[in-house]
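Dear colleague,

Please find the structure below, with the sequence alongside. My notes on what was found in it follow directly after.

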Amino acid sequence: MIVQSVLYRSLVLASVLHGSSALAAMPDEIRVPGELPGAALHAEGAQIYECKAGDANQLVWQAREPAAALMDGDNSVGHHYAALHWETVDARTLVWEHKDGSLVKARIVARAAGRTDGDLPWLKFVVITQTGNGLFYGVTHVQRINTR
């Protein structure tokens, strides 16, 4: 799984963005109006699926959790994974953790189709919890875009 995540802050930042051209073609469904990009990272890893009963009790593959390294260029700077709730995976809440100790937990609030049928959907998350004073401090939204 290769994914680019864009983290948003509600204040102006003096940081250089990587991959900012991806923001120009952002679908309206996952756009974050009135906020400025704070960081753009990509993730390399896997999307883990499990077989569960779906509609009409038919078995279907459902996304369970990501397991990925957050990358800034060629440098690993953190991890992306699903949160745990009472020792089970909470697929509704995902985590972005930076090596500087900052962390955000966020929930999906909107989605848009990927560029091809084989891509994961593009997602917009709203941050529900954050810790640390590093790069992710003040982040209010995360977008998962450019999936392959």
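N146 is found in the segment after β8, where helices (H or I, at least four residues) and strands (E, at least two) are DSSP runs, numbered from the N terminus. Its phi is near 55°, a positive value in a residue other than glycine. At 17% relative accessibility, N146 counts as buried; the term buried means under 20% relative accessible area, exposed over 50%, and partly exposed in between, with a 1.4 Å probe and protein chains only.

Please note that this is a predicted model, in which local features need pLDDT of at least 70 and side-chain atom pairs count only at pLDDT 80 or more, while totals for chains, interfaces and linings use all residues. Residues are numbered from 1 along each chain as its sequence is written, and side-chain values use heavy atoms, with hydrogens and water left out.

A second residue of this kind is N57, which also has a positive phi near 55° and is not a glycine. N57 lies in the loop between β2 and β3 and is exposed, with a relative accessible area of 67%. In the hairpin of β2 and β3, which has five residues between the strands, A56 takes a positive phi near 60°. As background, most residues other than glycine have a negative phi.

Turning to the overall architecture, the protein chain comprises one helix and eight strands. From the N terminus on, the order of these elements is β-α-β-β-β-β-β-β-β. The chain has 148 residues, of which 41% count as buried. Its exposed surface is about 8,300 Å², with carbon and sulfur atoms supplying 53% of it; accessible areas come from the Shrake-Rupley method with a 1.4 Å probe, and for residues only the protein chains shown count as cover. Among contacts with a separation of 6 or more, residues 24 or more positions apart account for 50%, a contact being heavy atoms within 4.5 Å.

The strand pairing can be followed from β2 onwards; two strands pair if DSSP finds at least two bridges between them. Strands β2 and β3 run antiparallel and are joined by twelve bridges. Within this pair, E44 has A69 in β3 as its bridge partner. Strand β3 also holds E65, which is buried, with a relative accessible area of 13%. The C-alpha atoms of E65 and A46 lie 8.5 Å apart, and the two residues are 19 apart in sequence.

Further along the chain, β6 and β7 are antiparallel and share nine bridges. R107 is partnered there by V126 in β7. V126 in turn has H141 in β8 as a bridge partner. Strand β7 (residues 122-131) is joined to β8 by four bridges, again in an antiparallel arrangement, and L123 stands opposite R144 in β8. Six of the seven residues of β8 (residues 139-145) are buried, so this strand is largely enclosed by the rest of the structure.

S102 is found in the loop between β5 and β6 and is buried, with a relative accessible area of 0%. Leaving aside residues up to four places away in sequence, S102 touches W96, E97, T131, G132, G134, L135, F136 and Y137. Of these, Y137 is 35 residues from S102 along the chain, with 6.5 Å between their C-alpha atoms.

Finally, where is empty space left? The largest pocket holds about 240 Å³ of space. On a 1 Å grid over the protein atoms alone, a pocket is an open set of points where a 1.4 Å probe fits, with protein on both sides within 12 Å along at least five of seven lines, and lining residues have an atom within 4 Å of a point. Grid points are joined across faces, edges and corners, and a volume is the space filled by probe spheres set on the points.Of the 14 residues that line this pocket, the closest to its centre are Q47, A63, I108, L123 and R144. The elements giving two or more residues to the lining are β2 (36-53), β3 (59-72), β5 (88-98) and β6 (103-112), and β3 provides the largest share, four residues. The lining divides into nine nonpolar, one polar and four charged residues; Ala, Val, Leu, Ile, Met, Phe, Trp, Tyr, Cys and Pro count as nonpolar, Asp, Glu, Lys and Arg as charged, and the others, Gly among them, as polar.

With kind regards
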